[in-house]
Amino acid sequence: MPKHPKVFVGMSGGVDSSVSALLLKQQGYEVTGVYMKNWSKDLPGMKCPWAEDLADAKRIAVKLGIDFEVWDFEKEYFEKVVEYILSEFEAGNTPNPDIMCNQEIKFKLFFERAMENGADFIATGHYARIIDNELARAVDEKKDQTYFLYRISNEALMHTIFPVGKMIKSDVKKLAKENGLHNAYKKESMGVCFVGEVGMKDFLKEYIDTKPGEIREIETERVVGHHEGAIFYTIGQRHGLYISGNTGELNVGLPYYVVKKDLENNIVYVSRNLNDQNIWVDELKLRDIFLRDSKTHSNVQVRLRHLAPLIPATFDGEKLYFNQKIKRVAAGQSAVFYDGEKCLGGGVVI
């Protein structure tokens, strides 16, 4: 008998990866589910959900009758992802943990260990497609996750399957329910990728020493409030600013926006002028550029946040130029390039 292709599926305990395993088994693959244990530490006021997620993944594997393993990547995760995040924030940037997690853990460590264990493919529950060995946007535009996947290597991509990338979310849930998967309607985690529902500020406080400082109005240098630490703020931010207005309330009247950070002196500068030159730009300089091929992509469509509208731009190999002013993207975030459905790559905003 011909050998069935062997696939290792990253199973998080959620419905998307569970349905991915189900579909692969139905398609005749030899399926092994793997729970990646990346983080298990509880944080103040928040119990890490890893044990519950592991139990859900294991229960699905038993239901499907597939092999199941736990791979512990906690040490590597801290070194490759968490330390990167902390160093970026300390430098005044706002990094994206999910992008680094995919680059270093799911599509590097997981991929490499799967190949060493005889896998033909790996699979995850991401909403994305692979068309002619190219990364492409998912059918369900509201769930497309290519923004987070743009840095995965071509080698990993050639051995990856995204089973739910051709489906819409409601059909994924429906299929899970029809097949008796208990997590068909499990609530999705919306927090930091590795610590569940905890907010990024609460997470950072555990690892970075911060000190309170002044919030000043940039036009007058007048102190209008105080902050918990300049690293927590991003350019263009208007929520979460403790401004002592006339009534002592939070950011009263016309809203203030963060327009500048002075990390050396621990000062956050704000303005009520929404047209401040620090907020609007028509070009962005990039670093750590990753392109899936060596072609020159001069005219591209750019996504500046997950699920943000695609914006036409010109790329010269280092900078993106827009034909209209755009709201400044926080340094450390990614600009991801597209040509139609195809995701070309991208870079990190300086």
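This passage looks at helix α3 and then at the cysteines of a predicted model.

Helix α3 takes in residues 74-90, and its length checks out: at 1.5 Å a residue, its 17 residues should span 24 Å, and the end C-alpha atoms sit 22 Å apart, which agrees. The helix isn't free of bends, though. A kink of about 30° is centred on Val-82, and Val-82 is also one of the buried residues of α3. The others on that buried list are Tyr-77, Val-81, Ile-85, Leu-86, Glu-88 and Phe-89. An α-helix has 3.6 residues a turn, so residues three or four places apart point the same way. As for what lies over the buried residues of α3, the cover includes α4 (97-116), α8 (200-205) and β12 (280-291). After α3 comes Gly-92, with a positive phi near 90°.

Helix α4, part of that cover, also holds Cys-101, which brings in the cysteines. How many disulfides does the structure hold? The count is 0. For Cys-343, the reason is plain distance: the closest cysteine sulfur, in Cys-101, is 17 Å from its own, too far for a bond when the cut-off is 2.5 Å. Cys-343 is buried, at a relative accessible area of 1%. Cys-101 counts as buried too, at 5% relative accessibility, and Cys-48 is likewise buried, with a relative accessible area of 4%.

Cys-101 also gives a link across the sequence: Gly-332 is 231 residues away along the chain, yet the two C-alpha atoms are 15 Å apart in space.

Note on methods
Residues numbered from 1 in each chain as written. Predicted model: local features only at pLDDT ≥ 70, side-chain atom pairs only at ≥ 80, totals over all residues. Heavy atoms only, no water. Helix = DSSP H or I, 4+ residues; strand = E, 2+ residues; numbered from the N terminus. Expected span 1.5 Å × (residues − 1). Bend = angle between axes of the 7 residues up to and from the residue. Buried < 20%, exposed > 50% of the residue type's maximum accessible area, 1.4 Å probe, protein only. Contact = heavy atoms within 4.5 Å.
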